[in-house]
Protein chains: 4
Amino acid sequence: MQLSFSPWFHFQLQIYYEDTDFSGVVYHPNFLKYFERAREQVIGANELKRLWHSDGIGFAVYRSELTCQEGVEFADILDVRTRFAFESKYRTVWEQEIWRENAARAAVSGRVEMVCMNSQRQLCPMPATLLEQLGTQLRA
Amino acid sequence: MQLSFSPWFHFQLQIYYEDTDFSGVVYHPNFLKYFERAREQVIGANELKRLWHSDGIGFAVYRSELTCQEGVEFADILDVRTRFAFESKYRTVWEQEIWRENAARAAVSGRVEMVCMNSQRQLCPMPATLLEQLGTQLRA
Amino acid sequence: MQLSFSPWFHFQLQIYYEDTDFSGVVYHPNFLKYFERAREQVIGANELKRLWHSDGIGFAVYRSELTCQEGVEFADILDVRTRFAFESKYRTVWEQEIWRENAARAAVSGRVEMVCMNSQRQLCPMPATLLEQLGTQLRA
Amino acid sequence: MQLSFSPWFHFQLQIYYEDTDFSGVVYHPNFLKYFERAREQVIGANELKRLWHSDGIGFAVYRSELTCQEGVEFADILDVRTRFAFESKYRTVWEQEIWRENAARAAVSGRVEMVCMNSQRQLCPMPATLLEQLGTQLRA
């Protein structure tokens with residue numbers, strides 16, 4: 001199936017001591033954290049909070065893939081690029097990239113698949129409000 | 001007030017990539033994580049889980065102090081030493097130290113004060129079962 | 001000794017999934033991370049990077065204290081307030097607070113003492129460039 | 001190419017507050033941390049430390065994939081299962097799984113590809129000592 005992706009969203013972040021390890025570059029699991037922060041910006045942290053507390057609905061990462069082309073260093077300012085597509089009423093697919101300043105290619109790229117779950121951790125369809133909100137951004 | 005402390009408990013852990021930063025040693029907030037892991041061992045993770053899920057009761061760190069005398073390095077095996085005292089029915093005090101192998105003094109030492117809270121995050125007295133269980137260890 | 005503090009600096013951050021734990025609020029060691037991010041903003045990440053790579057000089061946290069008055073939640077936007085004083089040529093003292101939006105008091109407050117170290121992890125005086133740069137901010 | 005895998009290695013770990021998020025289960029990037037801890041156990045932390053400090057040689061994760069079938073909870077004791085294969089002199093492939101106690105299938109499974117790098121972060125062949133050591137485990 002050909003997925004129909006949103007435009008790319010941009011999210012900026014800075015690398016701190018906490019992000020690096022003794023090899024001198026960012027510890028690789030942290031890239032999944034940056035991806036998650038960027039996805040929250042697209043959906044909206046307050047909307048995620050509302051869905052969780054009033055509807056008992058949340059997102060769970062079902063699959064993720066990371067490819068690291070280049071080390072990312074302390075004090076780097078990163079551009080996290082994110083786009084998404086609906087795969088079904090239950091599932092969204094996110095393509096994400098991490099760019100260092102003035103870089104010719106992404107330092108890290110990845111793909112994350114998320115499913116919608118209720119508070120009993122059972123698969124559930126995305127609520128209409130969310131479909132509508134994300135749908136608007138899809139056509140942005 | 002003179003507090004009456006338990007004997008010292010010992011908890012061992014190893015330092016991984018995830019624990020260090022680009023300066024080559026353990027990133028200092030992680031010491032609070034190791035202290036927390038060691039406290040959980042004293043109280044018991046299953047007891048903490050039971051208290052949370054059936055009674056809605058948890059512990060919150062109210063105050064903490066850390067003194068770092070020495071850097072801790074990748075691949076170090078640490079001995080986290082922990083002892084506690086009751087300060088009131090609401091509050092426990094924990095003295096904790098981190099020792100590297102064959103060291104003459106603690107690399108890190110600290111003190112953590114915890115309070116008991118219900119699920120509305122209101123102060124509550126420690127449940128009788130916990131008082132009894134910790135009391136047994138106090139006299140160990 | 002009466003320390004002479006800088007004005008308060010402000011640093012804003014958002015709370016993500018990664019910051020919370022199953023009790024529903026921010027996991028307490030993370031507050032030390034936020035304090036560190038805010039200190040880096042005052043000193044400047046690029047200056048810290050330059051000092052480390054060209055002079056082999058870094059900062060190490062020698063002591064820290066945290067007092068947590070209130071839980072901090074997912075999606076919160078925080079104001080981290082930071083001021084510092086020189087205690088000697090080797091040592092700086094930082095007073096830091098974390099404020100939730102529209103709050104009447106700080107959710108978390110703390111004090112961090114940092115020393116200057118060379119690449120052999122020996123105490124060394126702060127370099128003149130740094131003293132001058134921080135000195136300018138002290139009088140800001 | 002058909003890879004020739006080692007036997008499965010087992011590594012046990014416990015889930016702490018620090019591992020979970022407010023949704024009540026383990027925050028997904030942490031699974032990459034557990035995989036990394038388990039790989040370090042296979043290679044040996046002291047060997048990794050020696051390679052880094054005396055030869056300037058380290059491992060970098062080039063690609064990773066995660067599939068999360070089930071949430072992992074506070075206080076869980078996990079069995080991290082790990083096996084590896086050489087793909088070339090530069091590259092190792094690791095298949096890893098996370099099992100909860102008494103489970104019928106893995107809660108999380110993944111695949112990690114690592115390359116060997118020198119201190120200038122250039123690709124380099126694995127040192128002979130390491131090839132030999134891992135080779136022994138391959139035939140274990």
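**Two interfaces of chain A**

Modeller: Let us start at the interface of chain A and chain C, where the rule finds four salt bridges. Please keep in mind that this is a predicted model.

Biologist: Thanks! How do I read a salt bridge, and which side chains meet in one with Arg37(C)?

Modeller: Look for a side-chain nitrogen of Lys or Arg within 4 Å of a carboxyl oxygen of Asp or Glu. Here, the partner of Arg37(C) is Glu18(A), with 2.8 Å from N to O.

Biologist: Which elements of chain A supply at least two residues each to the side that touches chain C?

Modeller: There are three to find on your screen: β1 (9-14), α1 (30-43) and α2 (45-55) of chain A. Sorted by class, the residues on that side of chain A are nine nonpolar, two polar and eight charged.

Biologist: And how much area is buried between chain A and chain C?

Modeller: Buried area is what two parts lose in accessible area on being put together, summed over both. For chain A and chain C that is about 1700 Å², with 49% given by carbon and sulfur atoms. Three neighbours in the numbering are worth picking out: Tyr16(A), Tyr17(A) and Glu18(A) supply 31% of the area that chain A buries against chain C, more than any other three residues. You met Glu18(A) a moment ago, in the salt bridge with Arg37(C).

Biologist: Now for chain D. How many residues does the contact take from each chain?

Modeller: It takes 22 residues from chain A and 22 residues from chain D. Between them, these two chains bury about 2200 Å², and 56% of this lies on carbon and sulfur atoms.

Biologist: How many salt bridges does the rule find across the interface of chain A and chain D?

Modeller: Zero. For polar contacts, the count between chain A and chain D is eight residue pairs, both residues at pLDDT 80 or more. Two elements of chain A, α1 and β2 (58-68), give two or more residues to the side that touches chain D. Of the elements, β2(A) gives the most, with eight residues. By class, this side of chain A has ten nonpolar, six polar and six charged residues.

Biologist: What joins β2(A) to strand β2 of chain D, and do they run parallel or antiparallel?

Modeller: To read a strand pair, follow the bridges from one strand to the other. Five bridges join β2(A) to β2 (residues 58-68) of chain D, and the strands run antiparallel. For a place to look, find Leu66(A), which stands opposite Ser64(D) in β2(D).

Technical notes. Residues numbered from 1 in each chain as written. Chains lettered and ligands numbered in written order. Predicted model: local features only at pLDDT ≥ 70, side-chain atom pairs only at ≥ 80, totals over all residues. Heavy atoms only, no water. Buried area = accessible area lost by both parts, 1.4 Å probe. Helix = DSSP H or I, 4+ residues; strand = E, 2+ residues; numbered from the N terminus. Nonpolar A, V, L, I, M, F, W, Y, C, P; charged D, E, K, R; others polar. Contact = heavy atoms within 4.5 Å. Polar contact = N/O pair within 3.5 Å; in protein donor to acceptor, adjacent residues only side chain to side chain. Pairing = 2+ DSSP bridges.
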